[in-house]
Amino acid sequence: MTTTDPAVTSATGAASCHGEDLPQVGTAVPGPHGYSKQKDQHLKRLRRIEGQIRGLQRMVEEDVYCIDILTQVSAGTKALQSFALQLLEEHLRHCVAQAAREGGAEADAKVAEATAAIARLLRT
């Protein structure tokens, strides 16, 4: 379930963490965001995941056995899911909690936004 209230969403379909509309995809939204305190750790983790994906490419190029590649696909998928859950937790603790303290439509929008994000994660 997503909100369609233009006062709460942007052209990207999501509200920001700080009450302002999000810009188009590819432009920066002023922080701090829930993940800001651990940004370096997140980037390190994403680089490690990127390495796993590049490893998959090498495995295919080298004609590695199918099951071995599938095992690595599973590991990469789990790594991305774990990263997504950490990011979601930080969003709930920072952005959703802040909106809940403020109450009103912003709080409702944040809960709906988080619910939609969880639904997307469950579909994967």
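Start at the N terminus and walk along the chain: the elements come in the order α-α-α. That gives 3 helices and 0 strands in the protein, where helices (H or I, at least four residues) and strands (E, at least two) are DSSP runs, numbered from the N terminus. What you are looking at is a predicted model, so local features need pLDDT of at least 70 and side-chain atom pairs count only at pLDDT 80 or more, while totals for chains, interfaces and linings use all residues. Residues are numbered from 1 along each chain as its sequence is written, and side-chain values use heavy atoms, with hydrogens and water left out.

Now for the protein as a whole. Of its 124 residues, 27% are buried; buried means under 20% relative accessible area, exposed means over 50%, and partly exposed is in between (1.4 Å probe, protein chains only). The accessible surface comes to about 8,400 Å², and carbon and sulfur atoms account for 58% of that. Those areas come from the Shrake-Rupley method with a 1.4 Å probe, and for residues only the protein chains shown count as cover. As for contacts (heavy atoms within 4.5 Å), take those between residues at least 6 apart in sequence: 46% of them join residues at least 24 apart.

Let's look at the first pair of helices. Helix 1 covers residues 39-61 and helix 2 covers residues 66-102; they pack at an angle of about 160 degrees, with their axes 10 Å apart. Here axes are lines fitted to C-alpha atoms, for helices over the stretch in contact, and angles run from 0 to 180 degrees between N-to-C directions. The two helices are therefore roughly antiparallel to each other, a label for angles over 145 degrees (under 35 is roughly parallel, 65 to 115 roughly perpendicular and the rest oblique). The residues of the contact of helix 1 with helix 2 divide into 12 nonpolar, 6 polar and 3 charged. In that split, Ala, Val, Leu, Ile, Met, Phe, Trp, Tyr, Cys and Pro count as nonpolar, Asp, Glu, Lys and Arg as charged, and the others, Gly among them, as polar.

Asp-63 sits in the loop between helix 1 and helix 2. Its phi is near 55 degrees, a positive value in a residue other than glycine. With 69% relative accessibility, Asp-63 counts as exposed.

On to the second pair. Helix 2 and helix 3 (residues 104-123) pack at an angle of about 165 degrees, and their axes are 7 Å apart. These two are therefore roughly antiparallel as well. The residues of the contact of helix 2 with helix 3 divide into 12 nonpolar, 2 polar and 4 charged.

One residue to pick out in helix 2 is Cys-95. At 1% relative accessibility, Cys-95 counts as buried. Its C-alpha atom and that of Ala-107, 12 residues apart along the chain, are separated by 9.4 Å.

Finally, Thr-124 is found in the segment after helix 3. Thr-124 is exposed, with a relative accessible area of 67%. Thr-124 and Gln-81 are 43 residues apart in sequence, yet 8.8 Å apart in space, C-alpha to C-alpha.
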